[in-house]
Each structure stands twice: as structure tokens, then as C-alpha cells.
Amino acid sequence: MTITSRRQNIVFNLIFWLVYFLYEWLAMASAHDQYQRYLVNASVIVPITALASIVTVHLLFGRLYKSGRRTEFWVGMVLTMVFFVLVRRGYNYFYVYPTYYPEILETMPFWFLPKMIIEAVNIYLFVGLYSMFYFFRAWYEQERLASSLLKEKSEAELNLLRSQIQPHFIFNTLNNIYSYAIQKHEKTPELIYQLSSFLSYGLYENKAERVSLAKELEIIHCYLDLEHIRYGDRLDVLVNVYDKVGDLQISPLLLLPLVENCFKHGFSTSLEQNWLRLDISMEKGWLVFKLENSLSSEAPANHTNGGIGLSNLRRRLEIVYPDRHEFRVKPGKDSFLVVLKLKEVELKQEMK
């Protein structure tokens, strides 16, 4: 138990038993105008009830029931209940009745079952109220722990999904840069820098919870420039940003799987002409990405599902934008369209 928990227990017990003491004393005394009598009564009844509550909650339930010793728990419950009921019954029968109601002793024996039941209810009603605080706190802690574990699991899963950049792209790019280096091409240093920036973003900056859309588009352009090495004039790319959305914040590497999917499943290594178009706009509070690419005659038959890349993206959207996104895939005969919508996109907070 932490220091904070101990303090909370102490404060709760002081307040709870003080309120109960004032109830047994002042509330009852004001009704009968006998303050001395009910002060004595509260001084006896409250400690009995407090001891019954502490034994029940902290000893029987906290030590026996929670450790799986259920038989010992129930035996202890019965024995302690009988003990505290008899103690309270003894106080009333041998002190209260002779002092204030002596006539009752002529007709009522000590072992009078209805009175025993009343004494038990009077004690264990407050034991139940006392227990509710600890049971509620235990439930709250379990919920908090479950929520924390679920968040950690989601974050771990999200990090794994983010890290799954297609290795084939890196290998192909390195081979192409190697070919340029052999030819001593003037673009070789620039391509190495672009690949370095791309890998740096994928390995480090993607750990941020949000990045600016402008930064995400920058890495998309970097990726497309690197792919241009392989496709050359056979690749036609058009990126349209129709609204001022550069400062909007999105989850990192959210668009890259869409663009990668175009090259992996839509384009081929043949001599066909390939095209890709990315449109970005705002529509009634939604940030909309429309990505369409051509399909070659040699595209695989299962291109409509997008493979692992789009499956991972769907899972990431469920984690990062639950109930705040729309994701649709529209395969056609000669093209493949993906529409992604994000709602309530956070705006970038500029440093003042």
C-alpha cells in the first residue's frame, strides 16, 4: 500500500466514524433531548461497529477471502458476527435497559431472537456502508489497471504496425542508388540524402503521437522521388492539395502505406505507363485523402484487398481514430481508388 493510499484510508476512517458518532449522539439526542445519555451510547456503539467493520473488511475479506481461503472466511464471518451482536446486545441489556427501561427486563429475556436480529442489522448496515468505499476503490483500481494495460497493448501494437515499412522498397532503392554510383551520376548524393531522410522519419519521427500533414507530405514526396529512379518516365504522379491543411496534425506514416500499395499491387515492372493521383481537401470538418492509381495488366488478381499494408492501416485507424474515420476501397477495371477520411483532426499549436 502506498503512502497516498494510507492517507486516504486514514482520512476516510476519520470522516466516516466521526459522522457516524455525531449521528448516534447529536441526531438521537436532539430527538429525545438527552445529550448525556446518547453521548455515552455513541461512545460504546460506534467503537463496536468500527471494530466489526475493520475486522470484516481488512481481516476477513482482505486476508482470507482474497487469498482464496473461503471456508475460513465464512466461518470467521459467522463467529465475528455472533460476537459483535452479543457485545452490543449485552451493552443494551445490562446497561441501557436497567438504566432507562427497567420494565422491559420483566418480559424480555437476553436471548430474544427479534432483538438479536435488530442488533445485527444495526451493526452490519454500517459495516456494509463502510465496505462500499473499499469495494468501490478496488473496482476503480481494477478498471484503471485494465485501461492502462489496454492502452499499453494498443501503443505496442501501434508501434509494431508503424514499423512495418516495406523492406523491398529499401532494397530496390539501394540497388538503384548503387547503379547510379557506378555510373557516377550527379544525382547520387541527393538520392542518398533522400533515402536517409526517409529512413530517419520512419525509424525515429514516427514515434510521435502526431505530426504535421506538411511533414507527412514531405516524406511522401521523398518516397515518390526515390521510386522515380526505378520507373523513370513510365511514372506520372500528381499531388493536389486543395485547401490549407499543412498545419493539421495526423498520425505519422498514415499515408505511406496507401502510396506503397500503389507500387506493390498496382504497378508492374513492365514497360507500361503508370500513373498515381493524390487529392487532399477538407469537406465539412473531414480531412479527405483520395488516392487513385492505374492498374497494369500484370497486376495480381488479389490487388483489390491491398495486402498486409492496407490491413495494417485499417488496424491503426481503429486504434488511433476510433469512430472518427472512414476508409473505403473502390477497385475498378483499370484503376484502384482509396478514400480515407479523418474527423476532428487536431490543429497544430504554434509556439508563441
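Helices, taken as H or I runs of at least four residues, and strands, taken as E runs of at least two, are DSSP runs numbered from the N terminus, and on that basis the protein chain holds 9 helices and 7 strands. The model is a predicted one, and the values that follow are computed from it. Of the 352 residues in the protein chain, buried ones make up 41%. Among the contacts in the chain with a separation of 6 or more, 71% are between residues 24 or more positions apart.

The helices offer two residues to begin with. Asn-41 has its place in helix H2, which covers residues 35-65, and with a relative accessible area of 13% Asn-41 is buried, because buried means under 20%. When its neighbours within four places in sequence are left aside, Asn-41 is in contact with Glu-24, Tyr-91 and Val-96. Val-121, by contrast, lies in helix H4, residues 113-162, and its relative accessibility of 49% makes Val-121 partly exposed, since exposed means over 50%. From C-alpha to C-alpha, Val-121 is 9.2 Å from Val-85 in space, although the two are 36 residues apart in sequence.

From these helices the account turns to the sheet. Strands of a sheet pair through backbone hydrogen bonds, and they may do so in either the parallel or the antiparallel sense. Here 5 strands form an open sheet whose order is S2-S4-S5-S7-S6, with mixed pairing. Strand S2 (235-241) and strand S6 (325-331) stand at the edges and have a single partner strand each, so that one side of each is left without a neighbour in the sheet. Direction ignored, neighbouring strands of this sheet are turned against each other by 10° on average.

Two of the pairings can be followed in detail. Strand S4, residues 274-283, pairs with strand S5, residues 286-294, in the antiparallel sense over 8 bridges, and within this pairing Ile-280 stands opposite Phe-289 in S5. Helix H7, which covers residues 213-231, packs on the sheet and touches S2, S4 and S5, while the direction of H7 makes about 170° with that of S2. Strands S6 and S7 also run antiparallel, joined by 7 bridges, and they form a hairpin with 3 residues between them. In this hairpin, Lys-330 has Leu-337 in S7 as its bridge partner.

The next matter is the enclosed space in the model, where the count comes to 2 cavities of 30 Å³ or more. The second largest cavity holds about 30 Å³ of space, and its lining consists of Leu-258, Asn-261, Cys-262, Leu-291, Asn-293, Leu-310, Phe-336 and Val-338. Helix H8 (256-266), strand S5 and strand S7 (335-343) each supply at least two residues of this lining, and the largest share, 3 residues, comes from H8. Strand S5, which pairs with S4, and strand S7, which pairs with S6, are thus met again in the lining of this cavity.

Cys-262, one of the lining residues, leads on to the cysteines. Cys-262 counts as buried because its relative accessibility is 1%, and Cys-222 is likewise buried, with a relative accessible area of 9%. As for disulfides, where a pair of cysteine sulfur atoms must lie within 2.5 Å, the count comes to 0.

Terms used: Residues numbered from 1 in each chain as written. Predicted model: local features only at pLDDT ≥ 70, side-chain atom pairs only at ≥ 80, totals over all residues. Heavy atoms only, no water. Pairing = 2+ DSSP bridges. Axes fitted to C-alpha atoms, helices over the stretch in contact; angles between N-to-C directions. Contact = heavy atoms within 4.5 Å. Buried < 20%, exposed > 50% of the residue type's maximum accessible area, 1.4 Å probe, protein only. 1 Å grid on protein atoms, 1.4 Å probe; cavity = no way out; pocket = protein on both sides within 12 Å on 5 of 7 lines; lining within 4 Å. Points joined across faces, edges and corners; volume = space filled by probe spheres on them.
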